[in-house]
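Please look through the structure below with an eye to how charged side chains pair and how nonpolar side chains gather, and then follow the explanation from one region to the next.

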Amino acid sequence: MTEILVPDVNLNSVCERLEHCCIGQQQTPAIKRHTNTGAKLWGRVRSKLLRQKLDPQTVQSKNWHMDVIEMNGIKVEFSMKFTSRDLSLKRTPSKKQSGVFGVKISVVTKRERSKVPYIVRQCIEEVEKRGIDEVGIYRISGVATDIQALKAAFDTNTKDILVMLSDMDINAIAGTLKLYFRELPEPLLTDRLYPAFMEGIALSDPAAKENCMMHLLRSLPDPNLITFLSLLEHLKRVAEKEPVNKMSLHNLGTVFGPTLLRPSESEISKAHITTASDIWSHDVMAQVQVLLYYLQHPPISFAELKRNTLYFSTDV
């Protein structure tokens with residue numbers, strides 16, 4: 001993961017598209033810009049970043065690397081350092097239970113007296129309202145400072161949250177939703193069922209796989225299951241716009257699979273896996289395939305799942 005600070009530039013239209021980076025920015029006096037300067041400058045920044053990523057000395061260094069890029073009167077000064085995947089994938093349970101980030105989903109839904117957390121409902125609604133046609137929605141990162149502002153607003157239950165959502169860049173809202181699921185103290189599909197999901201998706205017999213995968217959904221706690229089904233239908237609607245937004249079911253599975261399934265740190269320790277990178281390399285494709293299976297499945301009803309109890313034996 002690359003962390004970047006850009007202190008002396010107002011290039012929202014450029015920097016909001018910076019994939020996998022964290023950007024902080026301050027406004028400077030208005031400057032007359034040449035046509036396409038933003039796009040060309042972004043090309044230079046991206047090229048610089050790619051070169052830095054390939055530099056072993058830069059990757060190994062824990063220090064901030066300073067750089068400047070200038071074009072047509074616009075100067076971008078940025079600091080960059082690399083964070084290992086071990087840290088970027090780590091789940092971070094919250095020490096306080098008053099917010100929503102890092103708090104168990106059952107605690108949040110009980111407090112809100114809702115079936116699906118408010119943050120999930122609002123982010124989905126806003127994405128469907130004005131982001132479903134956005135190219136690369138959920139794949140392209142939003143500006144880190146915007147995402148952190150939304151995180152703080154949801155954590156403190158700010159009264160102006162709806163105004164913030166309507167004014168915020170849609171990629172920041174999509175990023176906030178991903179961050180919420182990534183920071184759950186355990187994955188949405190739970191630590192307890194994780195081994196069974198890995199075994200179920202590997203079954204070769206279609207009927208056995210269907211029985212297993214549906215049984216696993218029924219085994220989820222109600223708040224987790226209802227939230228998962230709500231997100232699932234939303235992602236299917238996003239994929240319906242693939243000709244416009246370029247986000248297929250497979251792309252969405254790749255983005256959300258590890259976020260919804262990656263085990264918590266305690267489970268990684270129990271499995272004697274030394275780093276989050278090991279989980280990534282061993283299981284990421286299976287995690288993607290689990291979500292893709294449900295995305296490609298006909299509509300799944302909560303009521304139907306609960307009504308059709310199948311006598312399927314599995315170690316869960």
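In this predicted model, K129 and E126 both belong to helix α6, which covers residues 118-130, and they sit three residues apart, about one turn of the helix. Their side chains meet in a salt bridge, with a distance of 3.8 Å from N to O. The two partners differ in their surroundings: K129 is exposed, because its relative accessible area of 56% lies over the 50% cut-off, whereas E126, at 7% relative accessibility, falls under 20% and therefore counts as buried.

E126 also takes part in a salt bridge with R130, where the N to O distance is 2.7 Å. This pair, too, lies within helix α6, its members four residues apart, again about one turn of the helix. R130 has a relative accessibility of 35% and so counts as partly exposed, a class that lies between the cut-offs for buried and exposed.

A further salt bridge joins D133 to K241, whose closest N and O atoms are 3.9 Å apart. Because D133 lies in the loop between α6 and α7 (144-155) while K241 lies in the loop between α12 and α13 (242-245), the pair ties together parts that are 108 residues apart in sequence. Both ends of this bridge are partly exposed, D133 with a relative accessible area of 42% and K241 at 36%. Returning to helix α6, salt bridges that share partners join E126, K129 and R130 into one network. In general, side chains of opposite charge can pair when their charged atoms come close, and by the rule used here the count for this model comes to eight salt bridges.

From charged pairs we turn to the nonpolar interior. The largest nonpolar core holds 66 residues, and the members that touch the most others are Y138, F181, F197, F228 and Y294. Helix α12, residues 222-239, supplies the largest share of this core, with nine residues. What does Y294 touch, leaving aside residues up to four places away in sequence? Its contacts are F197, M213, M214, L216, L217, F228, L232, K236 and I300, and of these F197 and F228 are also named among the core members that touch the most others.

Finally, the cysteines deserve a glance. C123 counts as buried because its relative accessibility is 1%, and C212 counts as buried because its relative accessibility is 4%. A search of the whole structure nevertheless finds zero disulfides.

Definitions and conventions:
Residues are numbered from 1 along each chain as its sequence is written. This is a predicted model: local features need pLDDT of at least 70, side-chain atom pairs count only at pLDDT 80 or more; totals for chains, interfaces and linings use all residues. Side-chain values use heavy atoms; hydrogens and water are left out. A nonpolar core is a set of buried Ala, Val, Leu, Ile, Met, Phe, Trp, Tyr and Cys residues joined through side-chain atoms within 4.5 Å. Buried means under 20% relative accessible area, exposed over 50%, partly exposed in between (1.4 Å probe, protein chains only). Helices (H or I, at least four residues) and strands (E, at least two) are DSSP runs, numbered from the N terminus. Contact means heavy atoms within 4.5 Å. A disulfide is a pair of cysteine sulfur atoms within 2.5 Å. A salt bridge is a side-chain nitrogen of Lys or Arg within 4 Å of a carboxyl oxygen of Asp or Glu.
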